[in-house]
Every structure is written in C-alpha cells, then in structure tokens.
Amino acid sequence: MNERLTQQVLDAFSADGALAKAIKGFSLRLVQQQMAEAVSHSISTSQNLVVEAGTGVGKTFAYLIPALLSHKQIIVSTGSKNLQEQLFYKDLPALLLMLGLSPKVALLKGRNNYLCQHLMEKELSGASSMDTQILDDLLRINQWAGQTTDGDLGGLTAVSESSQALPLISSAKETCIGQRCEHYDICFTRKARNRAMDAQIIVVNHHLFLADKIIKETGFAELLPDPDVVIFDEAHLLPDIAVTYFGQQCSTRVIADLLQQFADIYRTELRDAKQIELLSARCLTLLNDWQQALFDTGDTDWRRMLSNKALSALSWSLLKELTTLKSVLQGHVGRSDNLDDALEKLDTQTAKLELFFLCENNQAAYSIDYGHRYLMLRIAPIDVAKECKKLFDEKVAWIFTSATLQINQDLSLFTKQLGIGNCKQLLLQSPFDYANNALFCVPRHLASVSNHSAILPQFVDVCVQAVEAAQGRTFILFTSHRMLNQVAVALQRRVSYPLLVQGQANKQSLLKKYRQLGNAVLLGTGAFWEGVDVRGKLLSCVIIDKLPFVSPEDNLYRARSESIAREGKDPFTEISLPQAVISLNQGVGRLIRDEKDKGVLILCDNRIVNRPYGQAFLNSLPPMARTRELNNAVKFLQQVK
C-alpha cells in the first residue's frame, strides 16, 4: 500500500500527470512533491507527521491528493471557516475532476452555523410583538429556508451577517429538543452529521473536531466517525483552541435565558406553580447584581477577586438561590417536557458555576471575559499537552501542517505543546525568491515601544512615508486596539489614500473593499494577522507596530508562567518568546503570497535587533534582504509597479 500510494501521488505531480494536464503553466515544485510523499507515507504507515510548509509550497494539494488517492476515511480540520469553505467548494471539486475520482465528501460545521426549523417556526409564531427589522429578516430567512438543501447559514445572503435575527434561529445544543422535535427527520444539523458519518473526506474545523472528541470522552453521542487519518491544516492554532476545549466555560447569558424560560413555562404551562416564577425572578435579580459587581471591578482574574468578601458572599448567595430553584423544579418533573429539558441544562450550568466559584484547581487559570451585557467564565488548563495525549489514538495517522510552526528552525516546541510523541518532522522552505522580492526594514532611531508618547508620532511618520511610496496598497498591523485607533485618527489628516479601519465593517467586507479600491490602506489587529490572502500589486507593504508578545496581565499566561517558574524554567523563553515568534511570522506571511509578489515589511520595534532574543525572530523569518534605512524601503516601494 505504501509504495503504491506514493507512486500514484508522484504520478499525479509528474510533468505529464493529472495536475500538468489540468493546470495551465503547471510547474513541479520539489518542496510540494516532498510534502506529498511524506503525507503518503504517513497515511500508509499510520506514522504521525508534523510539517511546516512555507508560503508557496502548495500544502493544500500536497495533502489532499494523497488523501483522495488513499481511499481511506480522512478528516481534514482547518482553523478557519474561510479555509474550510475554500477546501470544500473550490479545492476538492477541482482535484476530484483532475483525478477522475468521485468519493463522498462532506462539510460539517458547528451546529450554530445551521438553521433550526423548530426555532424558526417558534419565532414566526411570536411575530406580532417583534421589532420590524428583525421580523423582516426572519421572513427573508424563512423564504431562503424553503430553497436551501443544507441549511448552512453561510450560504444565506438575504440578510446581514450581523442581523439580530440570526441568533434567534440558529441551531444550539441549549435549545435542541431532540427526537421530540416535529422537524427531527428533516433537521439540517442532523442531516449534515449523517452525511459526515458516511463520507470518505470530511472537512471540519478545529473547534468542531475538539468538541466532538470531548463529547466522545464523556460517553455521549458522537458527531464524527472514527477515521483512518486526521489532517490538521493551520495547525499552529491548535494549542490555543485546545485550551478552550479542555477547560470549562460558563456563560451568564445561558443562565439568564434559562431563568427567563422558567418564567415563561409558569405563564404558559404551569399556572399553579407560582413559586417557579418568584424564584426565577429572584435568581435573575441576583445574577444581574453579581454581574454588575464584576463589571464594576473590571478585573479578569477570578483568583485575585476571591479576597473581595462582598463579592464572595454575593456569589454564594446566587448559587444557593439557584440550588433552591432546582429543588422546586424537581417537584414538577414530568409535568412539562420544556421544564424537564431546561432543568437538565440548569443543573449543568450551576455545576459549572460552583466549579468556578470554588477555584480549586491549581493547574488552571480562572478568568472572566466581559461582553456587552453578559460574562463568559473560563477555567483553562495550564498544560494542555497532558490532555492532548489522550486524543491521539495510535491506530490513526495524525498529520499537522502550517506555514508557521517552527522556532529557530525547530519544531519541538509545537510537538511538546500538543504532547505529540513519536512523529516525523519536516521543514520545507518557501520556493519564493524572498532575497530579491522582499525587503525587511527595522528603521533606525526609533524610540522604545514602551515609550508610547514618543513612538506614536514616529510610527505615524514611518506609515506616511511608506504609504505614499507604495501609493496606498498597505496593511498596517497592530498589537493593540488603542494604538490602531490613535494611528487611524492621525493618518486621516496626513494620507490621501482610502483608509479602511478594523471595526468599520466585518473582516470580509473590509478585505473586499480593499481589493476593489486598489490603492487602500488597511489598519487591523489580530484578525488580520492571519488567514488573509491578498496577491499581486494590491499589497506592496506590511507595517507592524511592535513584536506581538502576549500581555503579562493575561490570566492564562500568568498562571502558566507561575507553573513554569516553579519548575525552575524561564517563562519568557518557554512561553512568551515562542508565541510571539509564531504570531510575527503570521503577520509577515501576509506580504508575499505569490512567486511574482514584491514588497516591503517594516517593523517599528528595534528590540528585534538590539535584544539577544531578537535572533530567535530573525532566524524564523523568511530569508528577506534587510535594511535599517527607511529610505531604502521607500525606494524599493517606489519601484514596485
């Protein structure tokens, strides 16, 4: 099997193979062939593989072709919905046509991406008291519902992505009533899962894959089959996403919605149980008081807040009242299916709340995310490697790939983070001519990035000169929203090119406008550092304000640091530096996306050249020509036509 699959793959990539026949101007990339061979070997032998494939290697085809030719059942997991859809709607159909194959393929997203027919019906039945805009959107969605075959809300164009109607009708575990639903047989979420169980290639995302694995660990129904092979693209995102799934989350919005549901059940079904309404209202009041107390502090570290006696008393009063409500509800079990469902969910949420309040796990960080009106309470494990080891079944071939996995040309940090044991490791450099086509500039005479009042005007000056030389066509990437907003205001007065600022519209809308304008300047933070592909002359310059170190105030980082320090190791070199190197590489990766691309990368943080740790960043970057003179960068940009 091993030799046969490898030969089939090599034939597909050969000068007279399937790719050459179908793609005009196809030329063999040795690094792409190397990766395809390694993936073939991994699939045939069930040996784990970790491969960094620099921009331009063509890693998507390098893993999809062996996957398709193997005829094994394979899950391909991506980090973003965009790549997931590109794989399913563009790359897979193209390859199936080229290779003359017709296996079953399936796209499976998280359930909140699908329309729930039950919720749709329920919302329309209460339309008389609804906001007119929401009702208008619901009617549009209902019309679409009669035409769609898969119920995937990603294909809905009749309403805005930010429509308030969407959360009301999207499928959710909290609102699902299972086989009692009148739409059970035609449920879009259920049909999507059934397609996935029966497919050879299943395209998912990391969030869904890990959620499914955790469900299986707890003995509940599975969403995904047990495959022969799992391929993780954008694998650099896995460690951070894994933290979420191996921890616990509790949303106060879910609790508030459940309490409101109990009040509704009293009014519509159980009019003889007045105590349900009274206790639900009391719990809701206490929940709001507790939330407000947290909003007043603004602190995100729950451990630090435990010393606040008033807050602690309020917390346990809330939990006590919720427990009393549960006891009362127990007395009505069997009288209402809706109550039975909601009680089960309340039991789960109060258990999570108690776990959070107790704060007993020394190997976890306890943090609070503040939303507009509600809170997300998180318990995150300090070391996910221990948990991840349980995931990687030895009977399955696990393949991890990304353009950014190495630190100092070494992949061991990534393998340690995920607890990956025996595996083949492969570093494949980009085939692009960075030395001639890209210039990396760290301007001289810049103030320290910690001196905000001094660096701000200097950074703006650099941006103005670069943007004018590039005639727009620039991404300015920031590590903080504060800096982004201040620079955006300053540039409005000094730059004649269109400015597109994160927050003005959603990410895809801004990118679409950027491409349409052809001379725009886009200002963004984390969301624009990765997963953005702008090719050719549209993007000639990327400017980064500073090295993307995680904030020392981040709760999880602080907890991990303390744990690392207890082992006698240095938290900076073990955690902070590697994370920053990977993040910087992601930002740098926006610049050169094609073999003909040319451009300049400007980093306004001189720590990369005057601190010892700067070498780790430099060793991990593509082999660009370097300069300290901004004038050289300006001249280079003026020549990019």
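**Note on two parallel sheets and their surroundings**

1. Strand β2 is mostly covered, five of its five residues being buried, where buried means under 20% relative accessible area with a 1.4 Å probe and protein chains only. Both faces of the strand take part, with I74, V76 and T78 on one side and I75 and S77 on the other. Helices (H or I, at least four residues) and strands (E, at least two) are DSSP runs, numbered from the N terminus.

2. This is a predicted model, in which local features need pLDDT of at least 70 and side-chain atom pairs count only at pLDDT 80 or more, whereas totals for chains, interfaces and linings use all residues. Residues are numbered from 1 along each chain as its sequence is written, and side-chain values use heavy atoms, with hydrogens and water left out.

3. Strand β2 belongs to an open sheet of seven strands in the order β3-β4-β2-β5-β9-β1-β10, with parallel pairing; two strands are taken to pair if DSSP finds at least two bridges between them. At the edges stand β3 (105-107) and β10 (423-428), each of which pairs on one side only. The turn between neighbouring strands of this sheet averages 15 degrees, direction ignored, with axes fitted as lines to C-alpha atoms, for helices over the stretch in contact, and angles running from 0 to 180 degrees between N-to-C directions.

4. The register around β2 can be followed on either side. With β4 it pairs in the parallel sense over five bridges, and I75 has I202 as its bridge partner there. With β5 (residues 229-232) β2 pairs in the parallel sense over four bridges, and S77 stands opposite F232. At the edge, three bridges join β3 to β4 (residues 201-205), again in the parallel sense, with V105 opposite I201.

5. Helix α5 (residues 81-99) lies across β2 (74-78), β3 and β4, and runs at about 160 degrees to β4; contact here means heavy atoms within 4.5 Å.

6. A second open sheet, also of seven strands with parallel pairing, has the order β13-β14-β12-β15-β16-β11-β17. Its edge strands are β13 (499-501) and β17 (625-627), each pairing on one side only, and the twist from one strand to the next averages 15 degrees. Strands β13 and β14 (residues 521-524) pair in the parallel sense over three bridges, and the partner of L499 in β14 is V521.

7. Two helices pack on this second sheet. Helix α24 (residues 571-588) touches β12 (474-477), β15 (541-544) and β16 (599-603), its direction making about 150 degrees with that of β15. Helix α27 (residues 630-639) touches β11 (438-441), β15, β16 and β17, and its direction makes about 155 degrees with that of β11.

8. Strand β15 sends C541 and I543 one way and V542 and I544 the other way, and all of these are buried. On one pairing, four bridges join β12 to β15 in the parallel sense, with V542 as the bridge partner of F475. On another, β15 and β16 pair in the parallel sense over four bridges, and I543 has I602 as its partner in β16.

9. How many cavities of 30 Å³ or more are there? The count comes to one, a cavity being a set of points, on a 1 Å grid over the protein atoms alone, where a 1.4 Å probe fits but cannot get out, with lining residues having an atom within 4 Å of a point. About 60 Å³ of space lies in the largest cavity, the volume being the space filled by probe spheres set on grid points that are joined across faces, edges and corners. Its lining consists of F209, L210, F232, L238, A242, C388, L391, F392 and L418, and the elements giving two or more residues to it are α10 (206-217) and α11 (238-245). F232 thus appears both in this lining and opposite S77 in the first sheet.

10. Helix α3 (residues 30-45) has 16 residues and reaches 23 Å from its first C-alpha to its last, close to the expected 22 Å, which is 1.5 Å times one less than the number of residues. Its buried residues include V31, M35, V39 and I43. Just after this helix, S46 takes a positive phi of about 60 degrees.

11. V159 lies in the loop between α7 (132-145) and α8 (166-169), and it is buried because its relative accessible area is 9%. Not counting residues up to four places away in sequence, V159 touches D137, R140, I141 and L166.

Key:
Buried < 20%, exposed > 50% of the residue type's maximum accessible area, 1.4 Å probe, protein only. 1 Å grid on protein atoms, 1.4 Å probe; cavity = no way out; pocket = protein on both sides within 12 Å on 5 of 7 lines; lining within 4 Å.
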